[in-house]
Structures are given as C-alpha cells and as structure tokens.
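Dear colleague,

Please find below the structure that I am handing over to you. My notes on what was found in it follow directly after it.

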Amino acid sequence: MIIFHETPRKYRQNISHDTLTDKNILFIFASFLTLIFNKRYSMFLTKRFYIAGLIIITFITGGYFYTPLFIAGKILMATLLIATVIEIILLWHKRKPADAERYCAPRFSNGDDNEVRLVIDNFYPFSVGIDIIDEIPVVFQRRDILFKIRIKARSREIIHYRLRPVKRGEYGFGHVLLYIGTRIGLVVRRCKCSEPVNIAVYPSYIMLRKYEIMAIHNNLTELGIKKIRRVGHNTEFEYIKEYIKGDDYRTINWKASARRHFPMVNVYQDERSQQIYNIIDKGRVMQNAFRDMTLLDYSINASLVLSFVAIRKDDKVGLATFAEDFETFIPASKQNTQMHIILDSLYRQQTTFGESDYSALYVHINKHVSKRSLLIIYTNFDTIIGMERQIEYLRQLAHKHVVLVVFFEDTEMKAFAAERPKDIEGYYQRVITDKFIFEKHHVVASLRQHGVYSLLTEPEKLSVNVINKYLEMKARGMI
C-alpha cells in the first residue's frame, strides 16, 4: 500500500518538473526571438504565435492531471518551434524581400484633398500578406493609415489615399513600414522603405488650378461665378477728331458733328488696368476656425484665387498684410511672375494674438498706394463696437480708394438659430444667438452709411463670393 501511494506521487512530481521545464523552454525561445531577432533582424512575433503558445502551456499544465495532455502539449510545442523556424527561413532567405515607394506632390495645397500613392513590390517567389503603415506627419492626427493587403508572387500593388492639411507650413513624412508574413502567420518581417521627406503646405493652388481650367473652358458658372454684363464699351473715351475714311461710322458723335458742320468721331482707348489690393488682417480676430481651418487661411486662399482672376482680367494685383504693425507689402503688378511672388508671400503668413492697428494700415496705404485702387480688406467684425473703433480709418481710406470689407458669417451659429428651442435655456441661447447675427448685419449697414462696401459671407463660400463681388464692382464701373 505504501508503494501504491508513493508511485503516483513520484510520477506527479516528474510530470510537474517536466511541465516547468517545457514552459521554460517555450518562454526562453520566445524571449530569444523577441529580444535578439527583433532588434537585429526586424522580426516580430504575431498574435497567432502567442495564442499557440498559450494553448501549448494549457495542454502541458493539464498534463499534471491527465498524462496524455502532457504528451500532446510536447508535440504541439515541437510543431510550433518547427513551423516558426520554417517561416523564418522563408522570410529571411532574401536580402530585399519587398519595397515600397511614396509618390505625392512636392507641395500640398492647404484646405484641399491631396493624393498620396504607395507602390508596393513583392520580390518573393510566393504570395505574402503585408501590413503597410505610412508614417504621415503627426499634425494630421490620423490612426487609420494602415493597409492590409496580400500580394501575389513577384507582383505589384498600388494604394491611394488622401490627406487634407488645414495649416500652412512644412510637414515631415517618415518611412513606409512593411510587416511581411506568410500564410503560417507566426512571425513577420519588418522592412523600412521610402526615405523621410518634408512637404511644404502652400495656399490652395489646387483651387487655383481648378479656376484656371474652368476659365479656359468658360465654365466658371459651374463654380458659382456669375456672368455679369458690363454696360457700355470695353474701352474708355479719349478725345473727338474729324472723320477720315476708314473710321467706324458707329463712333460718329452727332452733336459735335452738328456744331462743326463736319463729321466728327469719338476716339477710344483700351480700358486702363485697375489696381486691386488684397489686404489681410492677421490679428486675433482671424484665429477663429471653421472646419479646422482658420479665417486667415480662408482669406489667403481667396486672395490667391482673386489675384489670378484679376490678372486674367488685365488688372494689376498687389498684397498687403497687417496686425499690430503694417507688415507685408507687394506693389500691384500684372507681370507673369506676380502670382509666384504672391504665393510665396502668402505661404509665410501667420496670425498673431494682438489687436490689429488700422491706423498703421491707413498711414502705409497712403504712403505706398497713390493711384485710386480697390482695397479688399479681409477681417472679422463680431460686434458693432469692434467696427466703430476702426470705422474712421476705413472712411478715410474710402475717400481716396474703393474699400471692400470682407468679414465672416458664423455658420454654426446660423444653424443653431434655425433650430427650434426645446426648453427655457434653449430660448435664452436663441436670443443671444439672434443678437450676434443681428449685429453682423448691422455692421454691413453701418459700413454702407460711411461709403464703405462690405461682403458678409460664409467661410466655405468666400472665394466664389469675393470673385463675384469683384466682377460686379468692375462691371458697374465702381473701381
């Protein structure tokens, strides 16, 4: 009886000892792969490997109570180790297993969807599964740039995705990481492809290109640009002269002919180019954001597009920016290089947290701009009080120039005001919202009383509305 009781105890002790030994073997093997191969050969164990290891440990532990489970665990562990070694050999028998290249524009367009293309090549003689991670700039705060694909032997796949920057500046891309695995799926091999690169984000040149293409095909109405018919000639009257053979009889001045008793004709000259200045306020009022873009960026994009349209209309275009001080000034011109000069200048503009100084704007505009011009001032007046502090400088500018003040309508507030209140608090909020909306429209009326033109617009429609206003003012001869 003593022997009968002692034998199972000894057997159980041996099983327990072997169980701990097998666990240690599996743990040491996994640690060796993780610490050594991870660092030197960019190898990573997958979730499938750890699940298989957990199952094996469960079998071996169960062998303490039921012996066949221990034997099955040993067989499974040997199978796991062999399969892992086979997959390592398959993945590492080539020095360069795959490659990836990132293709995108050398500079991005702010506020637009910019296309990025990844070209993946598989150099293995068998199909593999690849997890692709593109190290995009952290400013995008996106965690979904992960693509899982399966590529056939010695073939290529192309992946497209888009990025929408909302802030100008320089963005840094990292590597394109490839995590390659076979159908066994126990380990993956990491490859770093495509060298890091910096991409500059410029004002919306994609929108500019869209307007250019539409203008070539005379389809600007598709973008919301109205065709405004100009009253009268496209030329300006210069003087009256005697009729000679070959003159256009439609230009005969009948009153002058009656006085001189000889046919007299009007002589016209080509319409002179007008000067257009985009003036951008960079103060704290332009820090507000709609759809993640600041009002400054909306203004910069609209200035760029308007400059392009005005130059095509044979007008001269210039640029000025101001905040606490008068900063940037580009004289009006219609040379071919003017758009590049304006684009490079707009790329560097940043908002400040100070109060904008309209007195400095008034002094420097009078100093630098002597010819009557259209001054388009991009700013934002939230209240009538804010406008009244600056109205005197705007009125003085309007004596010598045509001044158009562009400011913004809060679309979120407008949408909130359209909803029906559900409780007492909602009615209080509705009253306050209506007050702010009323003050915006009151600012428009007050500016008109002082001879200053104004445009209240939604940020998303800024470019189209500014162009329509410019074309309307030009057609009516206001400039």
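Two strands are said to pair if DSSP finds at least two bridges between them. Please also keep in mind that this is a predicted model.

With that definition in hand, the sheet can be described. Six strands form an open sheet with mixed pairing, in the order S18-S17-S14-S19-S20-S21. Strand S18 (326–333) and strand S21 (453–457) each have a single partner strand, so one side of each is left without a neighbour in the sheet. On average, neighbouring strands of this sheet are turned by 15° against each other, direction ignored. Within the sheet, S19 and S20 are joined in the parallel sense over 5 bridges, and Tyr378 has Val406 in S20 as its bridge partner.

Helices pack on this sheet. H6 touches strand S14 (275–281), strand S17 (316–322), S18, S19 and S20, and its direction makes about 175° with that of S14. Helix H7 (residues 338–347) lies across S14, S17 and S18, and runs at about 170° to S18.

Which residues have the most contacts inside the largest nonpolar core? They are Leu374, Ile376, Tyr378, Val406, Leu462 and Tyr470, in a core of 45 residues. Helix H6 (residues 295–312) gives the most to this core, with 12 residues. Val406 is also the bridge partner of Tyr378, as noted above. Apart from its neighbours within four places in sequence, Val406 is in contact with Ile376, Ile377, Tyr378, Thr379, Leu455, Thr457, Leu462 and Val466. There is a second, separate core of 41 residues, which includes Val128, Ile132, Val187 and Ile199.

Helix H10 (residues 391–400) shows how a helix can turn one face inward. Ile391, Leu394, Leu397 and Ala398 are buried in this helix. Seen down the axis of H10, the buried residues fall within an arc of 125°, so they line one face of the helix. They pack against helix H8 (358–368), strand S19 (373–378), helix H9 (384–388), strand S20 (402–408) and helix H12 (424–449).

Strand S9 offers a contrasting case. In a regular strand the side chains alternate between the two faces of the sheet. How many of the residues of S9 (residues 176–181) are buried? The count is 6 of 6. Val176, Leu178 and Ile180 are buried on one side, and Leu177, Tyr179 and Gly181 are buried on the other, so that both faces are covered.S9 also has strand partners. It pairs with strand S5 (residues 128–134) in the antiparallel sense over 6 bridges, and Asp131 has Tyr179 in S9 as its bridge partner. S9 and strand S10 (residues 187–193) run antiparallel and are joined by 5 bridges, with Tyr179 standing opposite Arg190 in S10. S9 and S10 form a hairpin with 5 residues between them. In the turn, Gly185 has a positive phi of about 75°.

Finally, is Ser109, in strand S3 (residues 107–109), buried or exposed? Ser109 counts as buried because its relative accessibility is 0%, where buried means under 20%. Leaving aside its neighbours within four places in sequence, Ser109 is in contact with Asn114, Pro165, Tyr202, Pro203, Ser204, Tyr205 and Ile206.

Yours sincerely,
A colleague

Notes: Residues numbered from 1 in each chain as written. Predicted model: local features only at pLDDT ≥ 70, side-chain atom pairs only at ≥ 80, totals over all residues. Heavy atoms only, no water. Core = buried A, V, L, I, M, F, W, Y, C linked by side-chain atoms within 4.5 Å. Buried < 20%, exposed > 50% of the residue type's maximum accessible area, 1.4 Å probe, protein only. Helix = DSSP H or I, 4+ residues; strand = E, 2+ residues; numbered from the N terminus. Contact = heavy atoms within 4.5 Å. Arc of directions from axis to C-beta. Axes fitted to C-alpha atoms, helices over the stretch in contact; angles between N-to-C directions.
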